[in-house]
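Trainee: I have a model open and would like to learn how to read it. Can we go through it feature by feature?
Mentor: Yes. Put it on screen and ask away.

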Amino acid sequence: MAKSEKIKTQVKKSAPAKTLIKPSREEAEAAVRTLIQWTGDDPDREGLVATPSRVVKAFEEWYAGYGQDPREYLRRTFDEVGGYDEIVLLRNIRFESHCEHHMAPVIGRIHIGYLPRNRVVGISKLARLVDVYAKRLQTQEKMTAEIAGCLDAILKPYGVAIVVEGKHQCMETRGVHKTDVSMVTSRMLGAFRDQPQTRQEFLSAIGRSSLGSRTPG
Ligand SMILES: [Zn+2]
C-alpha cells in the first residue's frame, strides 16, 4: 500500500491551521469498494471491478478546487479601465458542486456583479474563481459568501453582488424528493448593499425584481 501523504488543508482564517493526512489512492479505492459492498452488490463482479478506480478519478475532478488558490486567478487585473465606472456583470455562470452534507451534486448558475475601483479582471478568471470554490465540498451559502469575499478582498471594488441559484440533488433524489426547487442565495457588499438603486440595477440585469424573501443587506 502506498504511503499516506501529508497535506496542508486550506482552512478559513477563523479556523486554526490543521494538517490532514490524505489517504493513498489505494486506500481511497478500498473505501469505494466498501461502499459498493454496503449497497449490497459484489465489487468483484465484472461490471464493478474497475469502478473504485473510476470513482477516485472522478473525485479528483469533482474536488479539484482543494489544490487551487482562488486568489491566484484574480492576481492579474487590468488597471486601465478608461474611466469605466458602471457595473461589470457576468450572468449565468454554470457551476457544478457537491453539498458537504450528502456529497450529492448541486448544479446551478451564478451571477456576479462588481463596481470596479480602477481594477477589472478578465471574465474567464471570474468563471475560474467560481470553479475553485465549487469544486470543493460546499454549502451554497458558504460558497456564495466565499466568492464575494474573495472578489472584494483582491479587486477592492466599490461593491460586489453575487446571486447563486442551485438545484440540490440531495433534495431531489432523496429525503423530501422535491424537484424543480431552486435555492437562491446572495451576498451584497459595498454599494450593492448600501445603495438600493445599484442593487436594483444588478437584480434587473439578471432578470430578477427581488431576491424573494432574502432581502439583501
Ligand atoms: Zn445535501
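Trainee: Leaving aside neighbours within four places in sequence, which residues is Ala-161 in contact with?
Mentor: One caution before that: this is a predicted model. Ala-161 is in contact with Gly-113, Met-188, Phe-192, Arg-199 and Phe-202.

Trainee: Which residues of the largest nonpolar core touch the most other members?
Mentor: The core has 29 residues. Leu-129, Val-130, Ile-147, Val-160, Ala-161 and Ile-162 touch the most other members. Two or more residues come from each of α3 (70-75), β5, α4 (123-134), α5, β8, β9 and α8. The largest share is that of α4, with six residues.

Trainee: Now the wider view. How many helices and strands does the protein chain have?
Mentor: Eight helices and nine strands. Of its 217 residues, 25% count as buried. Look at the contacts with a separation of 6 or more: residues 24 or more positions apart account for 66% of them.

Trainee: How do I read a sheet?
Mentor: Strands of a sheet pair through backbone hydrogen bonds, either parallel or antiparallel. Find the strand order, then the sense of each pair.

Trainee: In what order do the five strands of the open sheet run here?
Mentor: The order is β7-β4-β5-β8-β9, with mixed pairing. The edge strands are β7 (137-138) and β9 (183-190), and each pairs on one side only.

Trainee: Which pairs are parallel and which antiparallel?
Mentor: Take them in turn. β4 and β7 pair in the parallel sense over two bridges. There, His-98 stands opposite Leu-137 in β7. β4 and β5 run antiparallel, joined by nine bridges. His-98 has Pro-105 as its bridge partner in β5. β8 (residues 159-168) pairs with β9 in the antiparallel sense over eight bridges. One bridge to look for sets Val-163 against Ser-186 in β9.

Trainee: How many residues lie between β4 and β5 in their hairpin?
Mentor: Five, and Met-103 in that turn has a positive phi of about 55°.

Trainee: Which helix lies across the sheet strands β4, β5, β8 and β9?
Mentor: That is helix α8 (residues 196-205). The strands beneath your question are β4 (88-99), β5 (105-115), β8 and β9. Relative to β8, helix α8 runs at about 40°.

Trainee: How do I check a helix for length?
Mentor: Compare its end-to-end distance with the expected rise of 1.5 Å a residue. The 12 residues of α4 should span 16 Å, and the end C-alpha atoms are 17 Å apart, which agrees. Helix α5 (residues 140-155) is the next case. With 16 residues, α5 reaches 23 Å, close to the 22 Å expected.

Trainee: Which residues of α5 are buried?
Mentor: Gln-140, Met-143, Thr-144, Ile-147, Ala-148, Leu-151 and Leu-155. They cover an arc of only 125° around the axis, so they sit on the same side of α5.

Trainee: And what do the buried residues of α4 pack against?
Mentor: Against α3, β4, β5, β6 (120-121), β7 and α5. Those buried residues are Leu-126, Leu-129, Val-130, Asp-131, Val-132, Tyr-133 and Ala-134.

Trainee: Is Ala-153 in α5 buried or exposed?
Mentor: Ala-153 is exposed, because 11 other C-beta atoms lie within 10 Å, and the cut-off for exposed is 12 or fewer. Sequence distance can mislead, too. Ala-153 and Arg-71 are 82 residues apart in sequence, yet 9.0 Å apart in space, C-alpha to C-alpha.

Trainee: What should I make of a positive phi?
Mentor: Most residues other than glycine have a negative phi. Positive values are therefore worth spotting against that background.

Trainee: Where are Asn-92 and Asp-180 found?
Mentor: Asn-92 is in strand β4, and its phi is near 55°. Asn-92 is exposed, with 11 other C-beta atoms within 10 Å. Asp-180 is in the loop between α6 (169-172) and β9. Its phi is positive, about 60°. Asp-180 counts as exposed, with 6 C-beta neighbours inside 10 Å.

Trainee: Which residue just after α5 takes a positive phi?
Mentor: Lys-156, at about 45°.

Definitions and conventions:
Residues numbered from 1 in each chain as written. Predicted model: local features only at pLDDT ≥ 70, side-chain atom pairs only at ≥ 80, totals over all residues. Pairing = 2+ DSSP bridges. Helix = DSSP H or I, 4+ residues; strand = E, 2+ residues; numbered from the N terminus. Contact = placed C-beta atoms within 7 Å. Axes fitted to C-alpha atoms, helices over the stretch in contact; angles between N-to-C directions. Buried ≥ 20, exposed ≤ 12 C-beta atoms within 10 Å, placed from the backbone. Expected span 1.5 Å × (residues − 1). Arc of directions from axis to C-beta. Core = buried A, V, L, I, M, F, W, Y, C linked by C-beta atoms within 7 Å.
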